[in-house]
Amino acid sequence: MDLVLIAKALVLAVVEGATEFIPVSSTGHQLLVGHFIGFHSPNNTFEVLIQLGAVLAILYAYFGKLWGIARSLPNDPKARRFVAAVLVAFLPAAIIGGLFSKLIKAYLFNPWIICATLVAGGLVLLVIDDMVGEPKATPADESHTDTVEAPRKTDVFEFSLPMALKIGIFQCLAMIPGVSRSGATIVGAMLMGASKRSATEFSFYLAMPTMAGAFAKDLLDNYKNLSSDDAVLIVIGFVAAFVSALIVVRTVLDYVSRHGFWLFAWWRIIVGSLGFAGLIIFG
């Protein structure tokens, strides 16, 4: 096994895990990094299959919550509604992805498109982050009346089924590489009235069926083309993606609650702009 190839696979896997659950587009970052370091797998199979590491990272981090939800399903209507909301949000991407994933990969997995969507998505995220404030109380002793934003939904268990469906439709935008699955769902949830933290948390739960489905479909489509060398690279990538994703999942909610999304927005804009520059200079 080529050590340089292993190093490239490790870089891509760390990028996948570190970016999967923040609104910067893991697919966009992987494709750009892969383009500039000269790593490419047929049909981007490696990039999709190592997502299983990120999926297992969030399952591991959220195991206690998931087990609690599963135990309460028979007796708790709120738990049943939440599970239904996640499944309803998953449906649009499952349908669109199942029908058009090959077409999307053939025509949209292009570094110029990725750079454009990274920059555009960063600008959108800056605007939405500025628009959406966290709930604030008005001091009782103030003599004047301020315009106070309506309370936002801070509990993912309170998301209604129509709201979940709309978030799921937003998630379909992430099939364009560079848009970001988590970014699309977070923006959609905030536009539907969710707080920054609850929007991010719902995107975590929605990632579980969405990413697991993408992994299963890609494995089914490409398993005959995988060699033993591919399997070794995928295992290495899986472990690296798991570790980096676990670190992000355990820290990002608190970060978003305190600081919002401006850092991720500017990161997108900078990476997209540097990507344009690199494509112009190096091709």
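**Exercise 1.** Are Phe159 and Phe202 buried or exposed? Determine also how their rings are arranged.

*Solution.* The model examined here is predicted.

Step 1. Phe159 and Phe202 are both buried; a residue counts as buried when its relative accessible area is under 20%.

Step 2. A pair of aromatic rings is described by two quantities, the distance of the centres and the angle of the planes.

Step 3. For Phe159 and Phe202 the centres are 5.1 Å apart, and rings pair if their centres lie within 6.5 Å.

Step 4. Planes under 30 degrees apart count as stacked and over 60 as edge-to-face. The planes of Phe159 and Phe202 stand at 40 degrees, so the pair is tilted.

Step 5. Phe159 belongs to the loop between α7 (111-131) and α8 (161-171), while Phe202 is in helix α10 (residues 196-222), so the pair ties together parts that are 43 residues apart in sequence.

**Exercise 2.** Classify the ring pair of Phe261 and Phe264, and place the aromatic pairs in a wider setting.

*Solution.* Step 1. The ring centres of Phe261 and Phe264 lie 6.4 Å apart and the planes are at 50 degrees, so this pair is tilted.

Step 2. Phe261 and Phe264 are each buried.

Step 3. The structure contains twelve aromatic pairs. Ring pairs join Phe21, Tyr62, Phe82, Phe157, Phe159, Phe202, Phe204 and Tyr205 into a cluster.

**Exercise 3.** Describe the overall fold of the protein and decide how compact it is.

*Solution.* Step 1. The protein has twelve helices and zero strands.

Step 2. Its radius of gyration is 19 Å, close to the 19 Å given by the globule rule for 283 residues, so the protein is as compact as a globular protein of that length.

Step 3. The C-alpha trace spans about 70 × 50 × 35 Å along the principal axes.

Step 4. Of the 283 residues, 45% count as buried. Among contacts between residues at least 6 apart in sequence, 82% join residues at least 24 apart.

**Exercise 4.** Where is Ser25 placed, and where is Ser180 found? State the backbone angle phi of Ser25 and of Ser180.

*Solution.* Step 1. Ser25 sits in the loop between α1 (3-19) and α2 (26-37). Its phi is near 80 degrees, a positive value in a residue other than glycine.

Step 2. With a relative accessible area of 2%, Ser25 is buried.

Step 3. Ser180 is in the loop between α8 and α9 (181-191). The phi of Ser180 is near 95 degrees, again a positive value in a residue other than glycine.

Step 4. Ser180 counts as buried, at 3% relative accessibility.

Note on methods:
Residues are numbered from 1 along each chain as its sequence is written. This is a predicted model: local features need pLDDT of at least 70, side-chain atom pairs count only at pLDDT 80 or more; totals for chains, interfaces and linings use all residues. Side-chain values use heavy atoms; hydrogens and water are left out. Helices (H or I, at least four residues) and strands (E, at least two) are DSSP runs, numbered from the N terminus. The radius of gyration is taken over C-alpha atoms; the globule rule is 2.2 Å times the number of residues to the power 0.38. Buried means under 20% relative accessible area, exposed over 50%, partly exposed in between (1.4 Å probe, protein chains only). Contact means heavy atoms within 4.5 Å. Rings of Phe, Tyr and Trp (its six-membered ring) pair if their centres lie within 6.5 Å; planes under 30 degrees apart count as stacked, over 60 as edge-to-face and the rest as tilted.
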